[in-house]
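Morning, everyone. Please have a look at the model on the screen, and then I'll take you through it.

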Amino acid sequence: MTTHGATEATPAETAPGYEISSDPARIDADRVYEWLSTDAYWAVGRSREKQDRAIAGSLNFGVYEESSGEQVGYARVVTDHSDFAWLCDVYVAPQARGKGLGTVLVAAVRAELEPYGLRRILLATADAHGVYEKVGFRRVDNPEAWMVYGRH
């Protein structure tokens with residue numbers, strides 16, 4: 001189902017009792033900021049201003065409990081909608097972990113991006129390779145070709 005230009009995944013496409021949406025109006029920015037700035041190794045200490053800019057400039061996904069509507073997961077994508085996307089800030093709240101929500105969230109992101117025919121979706125992870133491998137991501141074949149500017 002699509003609302004306000006955003007995709008809503010049905011429960012069968014996610015996990016029983018949960019839904020995934022890319023509707024920006026549903027994102028709980030306060031909750032996302034709290035999660036990422038205090039509990040996500042890659043974003044600890046990120047300022048609220050920086051987090052709000054990241055949300056505003058990205059395609060955002062939330063995982064929601066159907067019964068309460070409470071947001072329990074988040075991911076964002078930076079993309080040109082043509083050739084490239086960067087998947088980042090994938091997070092599942094501690095109380096919702098162990099239910100496969102990370103995997104279904106990433107699968108929903110891939111499904112939403114599929115119509116664009118992107119050449120590459122890139123991400124970085126220190127500890128969740130298995131989650132991403134389940135939905136087709138693989139390690140970079142030639143890491144020597146990739147370069148980065150900025151802090152590591």
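Let's start with one pair of side chains. Asp30 and Arg48 form a salt bridge, and their closest N and O atoms are 2.8 Å apart. Where do Asp30 and Arg48 lie in the chain? Asp30 is in helix α1, residues 29-39. Arg48 is in helix α2, residues 48-56. The two residues are 18 apart, so this pair links distant parts of the chain.

One caution before I go on. This is a predicted model. Please keep that in mind throughout.

Back to the pair. Is Asp30 buried or exposed? Asp30 counts as exposed, because its relative accessibility is 51% and the cut-off for exposed is over 50%. Arg48 is at 29%, so Arg48 counts as partly exposed.

Why would such side chains pair at all? Side chains of opposite charge can pair when their charged atoms come close.

Here is another pair. Arg97 and Asp39 meet through their side chains in a salt bridge, at 3.4 Å from N to O. Arg97 sits in the loop between β6, residues 84-92, and α3, residues 101-113. Asp39 belongs to helix α1. The two are 58 residues apart in sequence, so the pair ties those parts together. Both count as partly exposed: Arg97 at 43% relative accessibility, and Asp39 at 39%.

Now a network. Asp28, Arg31 and Glu70 are joined by salt bridges that share partners. One of the links is between Arg31 and Asp28, at 3.7 Å from N to O. Arg31 is partly exposed at 26%. Asp28 is partly exposed too, with 28% relative accessible area. How many salt bridges does the structure hold? There are 11.

Let's step back to the whole chain. It has four helices and seven strands. Reading along the sequence, you get β-β-β-α-α-β-β-β-α-β-α.

Next, the sheet. Five strands make an open sheet with mixed pairing. The order is β3-β4-β5-β6-β7. Which strands stand at the edges? They are β3, residues 18-21, and β7, residues 120-122. Each has a single partner strand, so one side of each has no neighbour in the sheet. From one strand to the next, the twist averages 20 degrees.

A general point for the newcomers. Strands of a sheet pair through backbone hydrogen bonds, either parallel or antiparallel.

Let's follow β5. Strands β4, residues 59-65, and β5, residues 71-79, run antiparallel and are joined by six bridges. Tyr64 has Gln71 in β5 as its bridge partner. Asn60 stands opposite Arg76 in β5. Between β4 and β5 the hairpin has five residues, and Gly69 takes a positive phi near 80 degrees.

Then comes the pairing with β6. Six bridges join β5 to β6, and these strands run antiparallel. Gly73 has Val92 in β6 as its bridge partner. This hairpin has four residues between the strands. In its turn, His81 has a positive phi of about 60 degrees.

What covers the sheet? Helix α1 packs on it, touching β5 and β6. The direction of α1 makes about 80 degrees with that of β5. How many residues of β5 are buried? Seven of the nine are, so β5 is largely enclosed by the rest of the structure.

Let's finish with the overall picture. Of the 152 residues of the chain, 40% count as buried. The radius of gyration is 15 Å. A compact globule with 152 residues would be near 15 Å, so the two agree. Along the principal axes, the C-alpha atoms fill a box of roughly 45 × 35 × 30 Å.

Contacts next. Take those with a separation of 6 or more. Residues 24 or more positions apart account for 55% of them. Last, the surface. The accessible surface comes to about 8,900 Å², and 52% of that belongs to carbon and sulfur atoms.

To recap on the model: Asp30 and Arg48 link helix α1 to helix α2. Arg97 and Asp39 tie a loop to helix α1. And α1 itself packs on the sheet, touching β5 and β6. Thanks, everyone.

Terms used. Residues numbered from 1 in each chain as written. Predicted model: local features only at pLDDT ≥ 70, side-chain atom pairs only at ≥ 80, totals over all residues. Heavy atoms only, no water. Salt bridge = Lys/Arg side-chain N within 4 Å of Asp/Glu carboxyl O. Buried < 20%, exposed > 50% of the residue type's maximum accessible area, 1.4 Å probe, protein only. Pairing = 2+ DSSP bridges. Axes fitted to C-alpha atoms, helices over the stretch in contact; angles between N-to-C directions. Contact = heavy atoms within 4.5 Å. Rg over C-alpha atoms; globule rule 2.2 N^0.38 Å. Areas by Shrake-Rupley, 256 points an atom, 1.4 Å probe, with all protein chains shown as cover.
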